Amino acid sequence: MRVILLLFFAGPASAARAVTVPAPLQRPLDCVRSLLDRLPRPRDGSWPATGSTRPPPRGPADIERFVGEATEEEGWAPVVSRDGFQVSRRNLRGSRHVYVRGQGVFGAPPEAVIGLFETSDAALIRRYNPLYDSGWDLERYDSRTKAAYAKVRAACPGVRPRDTVSLISRRDVGGGAWGCGGTVFFQEATTHPAAPPLRGVVRAKILRGMFLVQPVPGCPRQTRFTFTQQCDAGGVIPSWLMNRLIVSESIHFLQRLDRTAQGR
């Protein structure tokens, strides 16, 4: 999996453009950002609280438990349904960053979807992640686990580009009570000496996330797809605002990924 899929600000490609703020305006802008980040977050009772966050899975038992919790219905609050896709959200106790989930059935076989996550073709990646700028593998620990770097462009004036350094692991999953097997890509933030923070770029962190690709029994040309992600976008944008943007963008991400997998 070459690219880390950053959901925040991944809007239409036409809206993506890097912006240079004139030096005399940078300090006042930073002050405004700082004040915004101190505003209280609105309360939203529809976000059910669950257990505290914990590190992403390591062993087979942890993998199945993590996937099971991510695909179960308990604790998830539906937000939007469109074109057969559904986005839900939940709050994790002790964290200010929303945990979002997207689900649906794609009109393409599992191998086509997996190929999108493993490609290094930047033009193809931008078809489903329009703000993608660049990315590369930093270190491969084994045939299924690696550290990778990715960067996305600024989405609008006054917002800086983001980058991530993440540990990515590909695992096969069994059937269990929550599915029919498949392939899962896990993501979690990490650090690497080959990718120090860059001046002018905000280091975002994928706190936990997965992309689950499953076959649909009896339908070899379809894929059951589930993603989850909890992201700390960094910078001074209030977390409550970023949470809403991430949830809103998730349905568009599903639609783009489906179209790209189908070759449309």
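Which residue in β11 is the bridge partner of V100? The partner is Q229, and the views below start from that stretch of this predicted model.

**Figure 1. The whole chain, for orientation.** Before zooming in, here is the overall picture of the predicted model. The chain contains five helices and eleven strands. Of its 264 residues, 47% count as buried. Looking at contacts between residues at least 6 apart in sequence, 68% join residues at least 24 apart. A search for disulfides across the whole structure comes back with zero.

**Figure 2. Strand β4 pairs with β3 and with β11.** Take β4, residues 99-106, as your anchor here. Strand β3 (residues 85-93) runs antiparallel to β4, and five bridges join the two. One pairing to look for is R90, whose bridge partner in β4 is Y99. Strand β11 (residues 219-232) is also antiparallel to β4, with eight bridges between them; V100 and Q229 are bridge partners here. Buried or exposed, what are most residues of β4? Seven of the eight are buried, so the strand is largely enclosed by the rest of the structure. As a reminder for reading any such view, side chains in a regular strand alternate between the two faces of the sheet.

**Figure 3. The β3-β4 hairpin and its surroundings.** Five residues lie between the strands of this hairpin, and G94 adopts a positive phi near 90°. Back in β3, R90 offers a second point of interest: its charged end sits over the ring of W76, 4.7 Å from the ring centre. So R90 can be followed in two ways, through its bridge to Y99 and through its place over W76.

**Figure 4. D83, a non-glycine residue with positive phi.** D83 is found in the loop between β2 (77-82) and β3. Its phi is positive, about 55°, although D83 is not a glycine. For context, most residues other than glycine have a negative phi. Is the side of the loop shown here buried or exposed at D83? With 61% relative accessibility, D83 counts as exposed, because the cut-off for that label is over 50%.

**Figure 5. The β5-β6 hairpin.** Here strand β5 (residues 132-142) and strand β6 (residues 145-152) run antiparallel, joined by eight bridges. The two strands form a hairpin with two residues between them. To find your bearings, locate R140, which stands opposite K146 in β6.

**Figure 6. Aromatic rings around F117.** The structure holds 13 aromatic pairs. One of them joins F117 and F185 edge-to-face, at 5.6 Å centre to centre and 70° between the planes. This pair links distant parts of the chain, since F117 belongs to helix α3 (residues 110-118) and F185 to strand β8 (residues 182-189), 68 residues apart. Both rings belong to buried residues: F117 has 0% relative accessibility, and F185 has a relative accessible area of 1%. F117 also pairs with F225; their centres are 5.9 Å apart and their planes at 35°, so this pair is tilted. Here too distant parts of the chain are linked, with F117 in helix α3 and F225 in strand β11, 108 residues apart. F225 is buried as well, at 0% relative accessible area. Stepping back, ring pairs link F85, F106, F117, F185, F211, F225, F227 and F253 into a cluster.

**Figure 7. The largest nonpolar core.** This core has 30 residues, and F117, F225, L254 and L257 have the most contacts inside it. At least two core residues come from each of β3, β4, α3, α4 (122-128), β10 (205-216), β11 and α5 (239-261). Which element supplies the largest share? That is α5, with eight residues. L257 makes a good centre for the view: leaving aside residues up to four places away in sequence, L257 touches F106, L116, F117, Y128 and F225. Another core lies apart from this one, with twelve residues that include F66, L92, Y99 and L212.

**Figure 8. Two cysteines with contrasting surroundings.** C219 is partly exposed, with a relative accessible area of 30%. C231, on the other hand, counts as buried at 2% relative accessibility. Neither takes part in a disulfide, as the whole structure has zero.

Technical notes. Residues numbered from 1 in each chain as written. Predicted model: local features only at pLDDT ≥ 70, side-chain atom pairs only at ≥ 80, totals over all residues. Heavy atoms only, no water. Disulfide = S-S within 2.5 Å. Buried < 20%, exposed > 50% of the residue type's maximum accessible area, 1.4 Å probe, protein only. Helix = DSSP H or I, 4+ residues; strand = E, 2+ residues; numbered from the N terminus. Pairing = 2+ DSSP bridges. Phe/Tyr/Trp six-rings, centres within 6.5 Å; stacked < 30°, edge-to-face > 60°. Lys NZ or Arg CZ within 6 Å of the ring centre and 35° of its normal. Core = buried A, V, L, I, M, F, W, Y, C linked by side-chain atoms within 4.5 Å. Contact = heavy atoms within 4.5 Å.
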